[in-house]
Amino acid sequence: MHTPLAVRLVTTSRKLRIRWLSMVCLAALVAVVGLSGPAGAAPQPTPTQARKELAQLNAKATTLGRQYADVIQQLALANQQLEFLEKQTRAYRVIFDAMRKQVARLATAAYEQGLMNSPFVLLTSASPQ
């Protein structure tokens, strides 16, 4: 008896999934067993060592706190500068749009009066008139 192709594909797919899953489980087991070495307890630090480490950590925390404050201040200044530049850009945009409309009006008037016989001449002309 002949097994249809679709059935063979589904069966093969299931077998591959089972093999893949078993390989993943085996890899995870090897990783867990291989990486877990003997659990050695580190000796407790002496009070003097603990104070010294605490002082080092406090100094590092203070330095990082100062750096953080500096970065926050730089961010505030950058945001102020960004706001100023955005206002300036809006003002320039208004002027630019007004000038563009004026140029369009001049070009339209020149073309309608027959002074310009081609838009190409208008674009390549050095004279603003």
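Reader: How many residues apart are Asp-97 and Arg-100, which both lie in helix α2?

Author: Let's start with the pair itself, keeping in mind that this is a predicted model. The side chains of Asp-97 and Arg-100 meet in a salt bridge, 3.5 Å from N to O. Both residues lie in helix α2, and their spacing is about one turn of the helix: three residues.

Reader: Are Asp-97 and Arg-100 buried, partly exposed or exposed?

Author: To count as buried, a residue needs under 20% relative accessible area, and to count as exposed, over 50%. Asp-97 has 23%, and Arg-100 has 47%. Each value falls in between, so Asp-97 and Arg-100 are both partly exposed.

Reader: Which residue forms a salt bridge with Lys-87?

Author: Here's the general idea: side chains of opposite charge can pair when their charged atoms come close. For Lys-87, the closest N and O atoms of the pair are 3.8 Å apart, and the cut-off for a salt bridge is 4 Å. The partner sits four residues away in helix α2, about one turn of the helix. That partner is Glu-83.

Reader: Why do Lys-87 and Glu-83 count as partly exposed?

Author: Partly exposed is the range between buried, under 20%, and exposed, over 50%. Lys-87 fits because its relative accessibility is 49%. Glu-83 fits too, because its relative accessible area is 45%.

Reader: How many salt bridges does a search of the whole structure find?

Author: We've met Lys-87 with Glu-83, and Asp-97 with Arg-100. Searching the whole structure gives a total of two.

Reader: How far apart are the end C-alpha atoms of α2?

Author: Helix α2 covers residues 47-112. At 1.5 Å a residue, its 66 residues should span 98 Å. The distance in the model agrees with that: the end C-alpha atoms are 94 Å apart.

Reader: What about the surface: which residues form a nonpolar patch with about 320 Å² of accessible area together?

Author: One member is Ile-72, found in helix α2. Patch residues need over 30% relative accessible area, and Ile-72, at 37%, counts as partly exposed. The whole patch is Tyr-68, Ile-72 and Leu-75.

Reader: How much of the protein chain is made up of buried residues?

Author: The chain has three helices and zero strands, in the pattern α-α-α. It exposes about 12,200 Å², with carbon and sulfur atoms supplying 66% of that. Of its 129 residues, the buried share is 2%.

Reader: Which helix has the lowest mean pLDDT?

Author: Over the chain, the mean pLDDT is 79, and 61% of the residues reach 70 or more. Helix α2 has the highest mean of the elements, at 93. At the other end, with a mean of 61, is the helix of residues 119-124, α3.

Methods
Residues numbered from 1 in each chain as written. Predicted model: local features only at pLDDT ≥ 70, side-chain atom pairs only at ≥ 80, totals over all residues. Heavy atoms only, no water. Patch = residues over 30% accessible without salt bridge, like charges linked within 9 Å, V, L, I, M, F, W, Y side chains within 5 Å. Areas by Shrake-Rupley, 256 points an atom, 1.4 Å probe, with all protein chains shown as cover. Helix = DSSP H or I, 4+ residues; strand = E, 2+ residues; numbered from the N terminus. Buried < 20%, exposed > 50% of the residue type's maximum accessible area, 1.4 Å probe, protein only. Expected span 1.5 Å × (residues − 1). pLDDT = per-residue confidence, 0-100.
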